[in-house]
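Student: Please show the structure, so that its surface, fold and core may be discussed in turn.

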Amino acid sequence: MTLQHVDILFQLIAFLFAISIHESAHAWMANRRGDPTARMLGRISLNPIKHIDPVGTVLLPLIAMLTHLPVIGWAKPTPVDPRNFKNPVLDDILTSVAGPVSNFIVATVATILLALISVAAPNGRMIVQGALGGFVFGNSAFVPAALLLYQFLLINVLLAVFNLIPVPPLDGSHVLRHFLSERVRQAYDMMGIFALMALVFFGGNLLMGLIRPVLRVYTSILMSI
């Protein structure tokens with residue numbers, strides 16, 4: 001197995017975990033706020049099979065990995081019945097942002113673990129900086145760990161930032177739509193999948209422009225150790 005194949009495998013592992021914790025967080029928060037719909041359907045689970053969407057979880061990430069693009073995609077939407085919420089606006093916002101917040105938490109944990117490798121492992125700093133730069137330093141057992149952790153960091157940041165973009169049906173739209181008038185909200189919701197697909201296929205520069213500054217916050221910490 002070549003390094004490229006290992007990298008693709010690590011991207012796939014990190015992506016499946018990222019979408020699983022993202023959707024589980026939605027389901028967990030909805031349940032906490034009074035809506036058990038997703039919990040009753042088994043969506044509070046890190047099993048990726050529970051969350052797979054044929055296009056967003058399989059086709060799009062596969063195309064991205066094979067064409068050496070950042071892995072982007074989405075999972076099967078978590079079912080939420082806002083009629084069960086005691087405070088429909090606040091509870092919907094909390095349920096929506098729970099997914100991206102969970103990804104930022106995973107990215108933070110991955111950064112902490114990379115920092116521990118950097119300071120505690122033999123040649124740790126070189127190994128971690130190599131992982132950040134996309135190359136392998138030495139044959140230490142910490143090398144694959146650092147490469148995998150970096151993919152967890154990268155993909156969770158990417159997924160969190162992507163989902164916070166206020167384009168329906170992404171999570172960010174669930175926040176913005178509550179501040180719109182009913183007429184504007186209807187038109188906004190109708191943008192739906194068309195705006196999302198346009199963003200994915202034609203908004204590469206915009207996406208990277210949003211993701212890079214956030215990713216730089218994490219990597220600058222690791223580079224300074």
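Student: What share of the exposed area do carbon and sulfur atoms supply?

Tutor: This is a predicted model, in which local features need pLDDT of at least 70 and side-chain atom pairs count only at pLDDT 80 or more, while totals for chains, interfaces and linings use all residues. Residues are numbered from 1 along each chain as its sequence is written, and side-chain values use heavy atoms, leaving out hydrogens and water. The chain exposes about 11700 Å² (Shrake-Rupley method, 1.4 Å probe). Of this area, carbon and sulfur atoms supply 70%.

Student: How many helices does the chain have?

Tutor: Helices are DSSP runs of H or I with at least four residues, and strands are runs of E with at least two, numbered from the N terminus. The pattern along the sequence is α-α-α-α-α-α-α-α-α. There are zero strands, and the helices number nine.

Student: Which helix gives the most residues to the largest nonpolar core?

Tutor: A nonpolar core is a set of buried (under 20% relative accessible area, 1.4 Å probe, protein chains only) Ala, Val, Leu, Ile, Met, Phe, Trp, Tyr and Cys residues joined through side-chain atoms within 4.5 Å. The largest has 46 residues, and Leu153, Val157 and Phe162 have the most contacts (heavy atoms within 4.5 Å) inside it. Elements giving two or more residues to this core include H1 (3–32), H4 (88–120) and H6 (142–164). With 13 residues, the largest contribution is that of H6.

Student: What percentage of the residues in the chain is buried?

Tutor: The count is taken over the 225 residues of the chain. Buried residues make up 44%.

How values were computed
Buried means under 20% relative accessible area, exposed over 50%, partly exposed in between (1.4 Å probe, protein chains only).
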